[in-house]
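Colleague: Before I rely on the terms used for this protein, I should like to see how each one is justified. Could we go through them in turn?

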Amino acid sequence: MVLWMNKRAVMGMGDVSINSERLWRRLMAMAEIGATPGGGSHRLTLTDEDEAGRQLFLGWCAERGYDVQYDQVGNLFVRRAGGSRNAQPLAIGSHLDTQPRGGRFDGILGVLAALEVLETLDDNGIETDMPVDIVVWTNEEGSRFQPAMMGSGVHCGVHSLEAVRSTLDDKGLSVGAELDRLGYSQGLIPGARSIGQYLELHIEQGPVLEDAGTVIGAVTGGQAIRWYELSLQGQETHAGPVPMTQRRDPMPALARVIELVYQVGLQDEAARATIGVLNAQPGSINVMPGRIDLTVDLRHPIETRLKEMDAAFRAGLDDLQAAERKIVISLEEIWHSPVVLFDHTLTEAVRQSATGRGLPVQDVISGAGHDAFHMARAVPSALVFVPCRDGLSHNEAEYTSPEHAAAGANVLLDVALRVACGR
């Protein structure tokens, strides 16, 4: 191998590029694991499908002889060694788990683009000063187990391993039982694998880049997020015999809760409010439900404004409880991710890479949560976006073009070279 600095004398920015055909081929191969009828992917975290996707990825890593380790929450670490034994590694990562009817690119692009970075370094005989790691985080999506970004949260000390292991899915299976079943519980203590700086590539999951005709989003920060579980408790009864006025029916209150949530979300243009899960029990056509459970997701790029949204939501529920004495309203906040700011130096390196390659670039704020949010509070971190068609994500129709996928991977490569070679 030769040192990058030696090659740099005769090579300019963008003279080294990833293998775009290999990246696309692997994206399509990964999508076949847990493939859905609508052309998407179904690999819920810590399921057999999720593990099959991880094993496919690790098989590609094994072809290059990279060192592989994992920790007790199931995070995977794949290392390409550097010239300095004492240097903190640069980590590039994302996730392989999906939504129940997710797409082919959310998270997966970031992992496979990271593999492309390592292989491109190999293919061009480039030695880096520091090690370069790929990280595959466990349960970024938060669809089977809550909260989201679980693996990176445990790694960064935001969540305890003990609390995470006790988390249950809707079938009563725990994270701990699934980690034991898949063999991850014998891994490293979470956080023991050091990371010096962190990069992540992701599809935007929104329409801003596509609408602007921009290829690269230099993400300057991320929205604050609050998740809630809300229950409306009444008393189930037969749909026929009990007069309407004598029922303890939570459904009328649900209508008011839905109205309240979307009123909060319409307070200003930057606010977001979503009800993602709704479950009426016992779920029979001729039984008035006795309990309704739902989730609420509130977001805003300004922390103080999200706090005001939270206050307005809680005050509205208090007013509703006072008016609806026949039911009991219970609210629990299950996750709060504060506003995050990404490292200025790394974000500027993203801009410079895009400009050097002739790619249109603009600063954006992330509306979705990513593992980079946790990492940004621990080490210098950057997040790179590429467009997705019609802004669709968490959807089987999710799509980014081969050209945009390659563009994002090449920006990762440029920034990795700048960081890992100490330039």
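Modeller: The discussion below concerns a predicted model and takes up cysteines, helix packing and nonpolar cores.

Colleague: Why is Cys156 called partly exposed?

Modeller: Cys156 has a relative accessibility of 24%. Buried requires under 20% and exposed requires over 50%, so Cys156 falls in between and counts as partly exposed.

Colleague: What makes Cys388 buried or exposed?

Modeller: The relative accessibility of Cys388 is 1%. The cut-off for buried is under 20%, and therefore Cys388 counts as buried.

Colleague: How many disulfides does the structure hold?

Modeller: The structure holds 0 disulfides. A disulfide would need a pair of cysteine sulfur atoms within 2.5 Å.

Colleague: Why are α4 and α13 called oblique to each other?

Modeller: Helix α4 (residues 108-123) packs against α13 at an angle of about 55°, and their axes are 9 Å apart. Angles under 35 degrees would be roughly parallel, and 65 to 115 roughly perpendicular; the angle here belongs to neither range, so the two helices are oblique. The crossing of α4 past α13 is right-handed.

Colleague: Which residues of α4 and α13 meet?

Modeller: In α4 they include Leu109, Ala113 and Val117, and in α13 they include Ala405, Leu412 and Ala416.

Colleague: Which residues touch the most other members of the largest nonpolar core?

Modeller: In that core of 70 residues, they are Phe57, Ile92, Leu199 and Ile216. Helix α13 (residues 402-420) supplies the largest share, 12 residues. Another core, of 24 residues, lies apart from it and includes Leu232 and Ile327.

Terms used:
Residues numbered from 1 in each chain as written. Predicted model: local features only at pLDDT ≥ 70, side-chain atom pairs only at ≥ 80, totals over all residues. Heavy atoms only, no water. Core = buried A, V, L, I, M, F, W, Y, C linked by side-chain atoms within 4.5 Å. Buried < 20%, exposed > 50% of the residue type's maximum accessible area, 1.4 Å probe, protein only. Helix = DSSP H or I, 4+ residues; strand = E, 2+ residues; numbered from the N terminus. Axes fitted to C-alpha atoms, helices over the stretch in contact; angles between N-to-C directions. Parallel < 35°, antiparallel > 145°, perpendicular 65-115°, else oblique. Left-handed = near helix turned anticlockwise from the far one by under 90°. Contact = heavy atoms within 4.5 Å.
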